[in-house]
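Trainee: Could you take me through one part of this protein in detail? I'd like to see how its pieces meet, and then a few local spots worth finding on screen.

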Amino acid sequence: MLDAKWVREHADEVRDAAKRKRMDPEVVDGFLENDRNHRLVLQQVEGLRADLKASSSELGKMSSEERKVALGVQRSKKAELKELEQQEHELRVVVKDFAMRLPMPPAADVPDGLDDGGNVELSVSGPIPEKDFEIQTHDDLGEKIGVIDIKRGVKIAGSRNYLLLGDAARLERAVLNLALDHMMKRGFEMVSVPTLVNRACMEGTGYFPGGEEQAYLAERDDLALVGTSEVPLTSIHSGETLDFHNLPVRRVALSPCYRREAGTYGKDTKGLYRVHQFWKVEQVVLGPSDEAWSLEEHKRMLGHATDLMNLLELPYRVVNVCTGDLGQGQVQKFDIETWMPSRGAYGETHSASRFHDFQTRRLNLRYRPEGKGKPQFCHSLNNTVIASPRVLIALMENHQLADGTIYVPEVLRPYLGGDTVLRGNA
RNA sequence: GGAGAGAUGGCAGAGUGGCCGAAUGCGGCAGCUUGCUAAGCUGUUGAGCUGAUUUGUCAGCUCCGAGGGUUCAAAUCCCUCUCUCUCCGCCA
């Protein structure tokens, strides 16, 4: 959400943001018009209320005859007020609805672009592996050595579901545990979070309204399964005013993630790339309302993830996500894309976003600055640390050996009982 | 799932229709004191919105879990919802 006052004074900037993010700029004008009307009506309501209030307190001191006369006047004013209040209430709802859909303007160095094709490569790390044998796709290999079973996953839960068995399941657990330890070493507090959350969390983090189609809903209880632990992690302190001493708040969580993947029929149907349920270790940071700090932290958080990728000895690149591929609330986003031989391309494995105060305004999450200052909205940021099974694709393919076994990077060995290669059930 | 109790400012806690944005205590902040042993005294201390502004503020409105209602007037009465606690039931 944006500050209403700021939007009034920077309407062109917001309209421009909408265009660049490929959203309808009409929301801006819809907001402005209704906001203007709302404030006009609000002034009338407040004036009349003040009037009514003043005369009402007189009533308590009046004699009964005086009161009888005065009551008649009060009643007619009251009726007038009621009508105005009704108008005010309706307009308020409309304004809120528009406000919830206003786009956060992208940072200056976000490249323009229509979709992910417009993303700009910032850096490349590690050579693409060249092998003297044909690399088997993760799903072919996994099936062959009995560690991935997509057919039976589908039998149990429908398309885009899967089973990991034996070494694949062990590898997944190992990578996730490594990721958690990696972040805790860097001062992040590990949190176990709810993944079935209420509407306020989904709205507060910016997934609703608009993303309802992508979420599994438990409608009977008005709850949603989260697509990322960013939702509960960022919502922890909603409605609170934190002390500046406690900032920044750096947290990490491992959680299952659920995504309906509506509108992706026929896309990435092979293998474990796009699935309905996966595990993710996510980092979330809340900090002061300070652009420079926010920028620095964004880079640090990206670094936590790339450092881990280096430890996993995987080839990847970092892209500066373009305007058309940026979400409504994101100011800037860097994706890490990891080389996936089966795709013959880099595939998105991480997404590092900074939001400014977009989420914290919706969540009403503030902090009291040092000294006497008024409470300010925090800045929020998040980034993937590792997501599985997507990272398993990279591990099983890039680290594949000629005999169909999988090389285990040194850093993972302590998590796999010292194993240096995984051979599955072959 | 059943029965009951409750939700008030950073915290504790008073307030059952007009004198209440709200006593008191604690905490925080500022000052004074420093021979009542990290103490005493004094003062101060919520948020949001709207308008005006000589950008210091000023005026008005809203907020006592949330949303509705009754009333000239609601923290206070009524309804719905959410959450918390106690007892019972069920249960990993």
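Mentor: Let's start with where the two domains of chain A meet and then walk through some local features. Keep in mind that this is a predicted model.

The domain assignment splits chain A into domain 1, residues 4–99, and domain 2, residues 116–422. Their C-alpha centres sit 43 Å apart. As for who touches whom, four residues on the domain 1 side are in contact with seven on the domain 2 side. Put together, the two domains bury about 480 Å² between them, and 49% of that is on carbon and sulfur atoms. If you want to color something on the domain 1 side, pick R20, K21 and M23: these three supply 80% of the area that domain 1 buries against domain 2, more than any other three residues.

Now for the chemistry of that interface. Four residue pairs are in polar contact between domain 1 and domain 2. By class, the side of domain 1 that touches domain 2 has three charged residues, one nonpolar and no polar. Even with those three charged residues there, zero salt bridges are found across the interface of domain 1 and domain 2. For that count, a Lys or Arg side-chain nitrogen has to come within 4 Å of an Asp or Glu carboxyl oxygen.

Salt bridges do turn up when you count over the structure: it holds 28. One to look at is R92 with E88, where the closest N and O atoms are 3.1 Å apart. Both residues belong to helix 4, which covers residues 64–99, and they are four residues apart, about one turn of the helix. Side chains of opposite charge can pair like this when their charged atoms come close.

Next, have a look at helix 6, residues 150–157. Its N-terminal end is capped by D149, with a side-chain oxygen 3.4 Å from the backbone nitrogen of K151. Just after helix 6 you'll find G158, with a positive phi of about 95°. E313 also has a positive phi, about 60°, although it is not a glycine. Look for E313 in the loop between helix 10 (291–311) and strand 11 (316–320).

There's also an open sheet of three strands, in the order 8-14-15 and with mixed pairing. Strand 8 (241–243) and strand 15 (376–377) are at the edges with a single partner strand each, so one side of each has no neighbour in the sheet. Strand 8 pairs with strand 14, residues 366–368, in the parallel sense over three bridges. To find your place there, look for D243, which stands opposite R368 in strand 14.

Finally, check two peptide bonds that lead into prolines. The bond joining F208 and P209 is cis, with omega about -10°, and P209 is in the loop between helix 8 (199–204) and strand 6 (217–218). The bond from S388 to P389 is cis as well, with omega near 20°. P389 is in the loop between strand 16 (379–388) and helix 12 (390–398).

Technical notes:
Residues numbered from 1 in each chain as written. Chains lettered and ligands numbered in written order. Predicted model: local features only at pLDDT ≥ 70, side-chain atom pairs only at ≥ 80, totals over all residues. Heavy atoms only, no water. Domains from an automatic or database assignment. Contact = heavy atoms within 4.5 Å. Buried area = accessible area lost by both parts, 1.4 Å probe. Polar contact = N/O pair within 3.5 Å; in protein donor to acceptor, adjacent residues only side chain to side chain. Nonpolar A, V, L, I, M, F, W, Y, C, P; charged D, E, K, R; others polar. Pairing = 2+ DSSP bridges. Helix = DSSP H or I, 4+ residues; strand = E, 2+ residues; numbered from the N terminus.
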